[in-house]
Amino acid sequence: MSGSTITPWVVGNWKMNPMQADAKQLVQNLKKLLQDQEIAESACQIGIAPISIALQSIQAELQSANRHIATVAQDVSRIAGTGAYTGEVSAELLKDSQIEFVLVGHSERREFFGDAPNILNEKVQNALNAGLTVIYCVGESLEQRENGQAEQVVLQQICDIASVVNAQQWEKIVIAYEPIWAIGTGKTASPADAQAMHATIREGISQITPIGQTMALLYGGSVKPENAVELAACPDINGALVGGASLNAESFYKIAQAFANTK
Ligand code: PEP
């Protein structure tokens, strides 16, 4: 069964960008585009992941949009609750600030900040226990793809979290498949390759939980307006995690529109 009846998600990952004034302008431009031509919430859910110190100001800006736009944290602490952990932001503190979504396992965190599987398990567990929805990122390197290991690597990354997610909590998981070689490079997986991996992911998750059949599976890796329509047409691609193109309101809007129109 394909996931084509799943309401798509389009999430902008702003990474370590932009400066405050530009962020404000970006949100204003997006709100204006949505006002001129609305994208119904039932057609596409939209989220924005700003830098941590801007979560609340962006959330406040988004409140005056003509539809709900979720504010998404880019990361969460491996430590739960509160305490003497300098520099950390826990899942409970995010929840306390009305942040309901968090990215976990982005390849940049895995590569540059030591987010190994045991640490990601703690982050996933903390986020779920605090009631957050986790957008869990998976993806293979170019070398792994060329060695024919892509599916094995991605399925292992999903199996890694299975030990800390209980039966009900799978409802609070969204998977983002982001081949590392496609992130920020301008290279996108072909729609056929992306669909094939998404079908593999759906089958793999469905062996763990029946929720796998209805779970949103997002694609990420140089998604832009020019390739969004084709990607959105794939039955198991239920949205996009967008980096670079989310820093331009019009590009981001068009990607959301592509998913809203196709599903
Ligand atoms: C990302 O960072 O999640 C991403 C997919 O980036 P980009 O769209 O720039 O490739």
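## Exercises on salt bridges, ligand and cysteines

Glutamate 122 has a relative accessibility of 28%, which makes this residue partly exposed. The model is predicted.

**Exercise 1.** Find the salt-bridge partner of glutamate 122, and state which parts of the chain the pair ties together.

*Solution.*
1. Look for a side-chain nitrogen of Lys or Arg within 4 Å of a carboxyl oxygen. Arginine 78 qualifies: its side chain meets that of glutamate 122 at 2.5 Å, N to O.
2. Place both residues. Arginine 78 sits in the loop between β3 (69-73) and α3 (91-96), and glutamate 122 belongs to helix α5 (residues 117-129).
3. Because of these positions, the bridge ties together parts that are 44 residues apart in sequence.
4. Check exposure. Arginine 78 is partly exposed, at 35% relative accessible area.

**Exercise 2.** Which residue forms a salt bridge with lysine 15, and how far apart in sequence are the parts that the pair ties together?

*Solution.*
1. The partner is glutamate 108; the closest N and O atoms are 2.7 Å apart.
2. Lysine 15 lies in the loop between β1 (9-13) and α1 (20-36), whereas glutamate 108 is in helix α4 (residues 107-112), so the linked parts are 93 residues apart in sequence.
3. Glutamate 108 has a relative accessible area of 24% and is partly exposed.

**Exercise 3.** Give the salt-bridge count, describe the pair of lysine 95 and glutamate 100, and name the residues that shared partners join into one network.

*Solution.*
1. With the 4 Å rule, the count is 13 salt bridges.
2. Lysine 95 and glutamate 100 bring their side chains to 2.7 Å, N to O. Lysine 95 is partly exposed at 30%, and glutamate 100 is partly exposed at 31%.
3. Bridges with shared partners join Asp75, Arg109, Asp115 and Lys123 into one network.

**Exercise 4.** Describe the surroundings of the ligand: its shell, its polar contacts and its burial.

*Solution.*
1. Start with the shell. There are 14 residues around the ligand; those that come nearest are Lys15, Glu178, Gly184, Ser222 and Gly244.
2. Sort the shell by class. Four residues are nonpolar, eight are polar and two are charged.
3. List contacts of ligand oxygen atoms. One lies 2.6 Å from a side-chain N or O atom of glutamate 178. Glycine 184 offers a polar backbone atom at 2.6 Å from a ligand oxygen. For glycine 243, a polar backbone atom is 2.8 Å from a ligand oxygen.
4. Finish with area. The ligand alone exposes 300 Å², and the protein buries 96% of that.

**Exercise 5.** How many disulfides does the structure hold, and why is cysteine 234 not bonded to cysteine 44?

*Solution.*
1. The count is zero.
2. Cysteine 159 is in no disulfide; its nearest cysteine sulfur belongs to cysteine 137 and is 17 Å away. Cysteine 159 is partly exposed, at 44% relative accessibility.
3. A disulfide needs two cysteine sulfur atoms within 2.5 Å. The closest cysteine sulfur to that of cysteine 234 is in cysteine 44, 15 Å off, so the two are too far apart for a bond.
4. Cysteine 234 is buried, at 8% relative accessible area.

**Exercise 6.** Is glutamine 157 buried or exposed, and which backbone nitrogen lies 2.8 Å from a polar atom of its side chain?

*Solution.*
1. Locate the residue: glutamine 157 is in helix α7 (residues 150-162).
2. Apply the cut-off. Buried means under 20%; glutamine 157 has 10% relative accessibility, so it counts as buried.
3. Identify the contact. The backbone nitrogen is that of glycine 139.

Notes: Residues are numbered from 1 along each chain as its sequence is written. This is a predicted model: local features need pLDDT of at least 70, side-chain atom pairs count only at pLDDT 80 or more; totals for chains, interfaces and linings use all residues. Side-chain values use heavy atoms; hydrogens and water are left out. Helices (H or I, at least four residues) and strands (E, at least two) are DSSP runs, numbered from the N terminus. Buried means under 20% relative accessible area, exposed over 50%, partly exposed in between (1.4 Å probe, protein chains only). A residue is near a molecule or strand if one of its heavy atoms lies within 4 Å of it. A polar contact is a pair of N or O atoms within 3.5 Å; within protein, one must be able to donate a hydrogen and the other to accept it, and residues adjacent in sequence count only if both atoms are side-chain atoms. Accessible areas come from the Shrake-Rupley method with a 1.4 Å probe; for residues, only the protein chains shown count as cover. Ala, Val, Leu, Ile, Met, Phe, Trp, Tyr, Cys and Pro count as nonpolar, Asp, Glu, Lys and Arg as charged, and the others, Gly among them, as polar.
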